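Visitor: I would like a close look at a single part of this model. Please describe it in one go, and give the cut-offs of the terms as they come up.

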Amino acid sequence: MEPIVKIEQLTKKFGNTTALKDVSFEVYPGEVVGFIGPNGAGKSTTIRIMLGLLKRSGGLVEVFGKDSWQEALLIHQAVAYVPGDLALWENLTGGQTIDLLMKLHGKGNQAKKAELVQKFQLDLSKKVKSYSKGNRQKVGLIAALAVDCELYILDEPTSGLDPLMERVFQDEVARLKAEQKAVLLSSHILSEVERLADRVVIIQGGRVVESGTLAQLRHLTRSTVQLALKENISVLKTAAFVHDWTPTGVNQATFSIDQSALNELLQELSHYQVQKLEILPPTLEELFMRHYQTGEWG
Ligand code: ADP
Ligand code: MG
């Protein structure tokens with residue numbers, strides 16, 4: 001299958017600053033890709049280059065097999081985009097703005113728009129200048145999600161949305177996924193995309209530091225074990241598969257183990273009287289934090 005988005009060794013310099021260095025990743029049809037990284041990592045710059053809004057300094061960027069700079073017009077017609085820094089016409093109402101954005105795109109669906117307005121509970125009669133950040137974000141989201149196309153590029157789409165609205169947004173992305181649409185979803189909050197993304201690409205300091213399926217990334221980290229034994233627990237302290245040993249009470253301890261050592265742990269425990277055992281899978285947030293703090297798997 002041909003990728004919808006193909007980025008190879010993308011480099012972007014702003015004067016002397018290198019904002020992107022050898023960024024490579026793909027987005028395939030029907031896939032939701034999380035594009036994750038802290039503020040300033042290079043997410044928006046990558047997206048702007050994909051859409052021909054910025055010129056790259058080097059590398060290859062193709063969307064639907066078309067060059068992002070030479071064929072930006074064709075790409076725009078086939079993509080729905082919510083920018084991270086959506087500039088709106090302050091003196092138009094929300095309703096006028098959404099209609100204008102949809103008209104500019106040319107592929108909007110009025111019935112879908114009405115459904116989205118209801119779901120996101122947006123008052124269309126108010127002027128944009130009176131809108132909160134969340135309401136402005138809804139304008140961009142409704143205008144983009146009411147468009148039918150094969151690729152949705154959403155740059156930090158939930159910033160400013162309250163949890164209820166974030167849920168509405170997540171349902172909409174799930175709908176796109178069910179319809180086999182491709183979605184590139186950028187965020188600086190990993191947990192936001194954890195539920196939605198088939199794959200994540202993690203960018204930091206302008207470089208892709210990790211990418212893969214969520215299962216693959218989870219594999220890189222450790223589960224937390226909470227254990228209580230009837231007998232002296234300290235015998236386990238020195239076992240090869242035990243890391244980060246922390247006593248938590250009389251014959252109680254917390255430690256971490258690699259996914260690959262789970263069997264070993266269970267075999268070892270069969271020799272003891274286990275009073276409590278909890279094995280907590282790693283969250284991607286933990287993985288992410290560990291990476292940002294130590295860079296140890298960069
Ligand atoms: P993110 O979207 O991940 O928060 P950006 O892509 O906005 O990150 O920014 C990546 C880096 O490029 C940052 O260091 C930012 O300051 C820099 N940058 C972005 N746009 C410009 C610009 N127009 N001129 C100079 N530097 C820029
Ligand atoms: Mg950004």
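Guide: Helices (H or I, at least four residues) and strands (E, at least two) are DSSP runs, numbered from the N terminus. The model is predicted, so local features need pLDDT of at least 70 and side-chain atom pairs count only at pLDDT 80 or more, while totals for chains, interfaces and linings use all residues. Residues are numbered from 1 along each chain as its sequence is written, chains are lettered from A and ligands numbered from 1 in the order in which they are written, and side-chain values use heavy atoms, with hydrogens and water left out.

The part to look at is the sheet, with what lies against it. The sheet is open and has 6 strands in the order S6-S7-S8-S3-S9-S10, with mixed pairing; two strands pair if DSSP finds at least two bridges between them. At its edges are strand S6 (79–82) and strand S10 (207–213), each of which pairs on one side only. From one strand to the next the twist averages 15 degrees. Strand S3 (residues 32–36) pairs with strand S9 (residues 199–204) in the parallel sense, over 4 bridges. Within that pair, Gly34 has Val200 of S9 as its bridge partner.

Helix H1 (residues 43–50) lies across S3, S6, strand S7 (151–155), strand S8 (182–187) and S9. H1 runs at about 145 degrees to S8, where axes are lines fitted to C-alpha atoms, for helices over the stretch in contact (heavy atoms within 4.5 Å), and angles run from 0 to 180 degrees between N-to-C directions. Helix H5 (residues 133–145) also packs on the sheet, where it touches S6 and S7, and its direction makes about 175 degrees with that of S6.

H1 also contributes 3 residues to the shell around ligand 1, the largest share. The residues surrounding ligand 1 (a heavy atom within 4 Å) include Phe14, Pro38, Gly42, Lys43, Ser44 and Thr45. Oxygen atoms of ligand 1 lie 2.8 Å from a polar side-chain atom of Lys43 and 2.8 Å from one of Ser44. A polar backbone atom of Gly42 is 3.0 Å from an oxygen atom of ligand 1. On its own, ligand 1 has 570 Å² of accessible area (Shrake-Rupley method, 1.4 Å probe), and the protein covers 58% of that.

Back at S8, the loop between helix H6 (163–178) and this strand holds Lys181. Lys181 counts as buried because its relative accessible area is 7%, the limit being under 20%. The side chains of Lys181 and Asp148 are joined by a polar contact of 3.0 Å, that is, a donor–acceptor pair of N or O atoms within 3.5 Å.

Note on methods:
Buried < 20%, exposed > 50% of the residue type's maximum accessible area, 1.4 Å probe, protein only.
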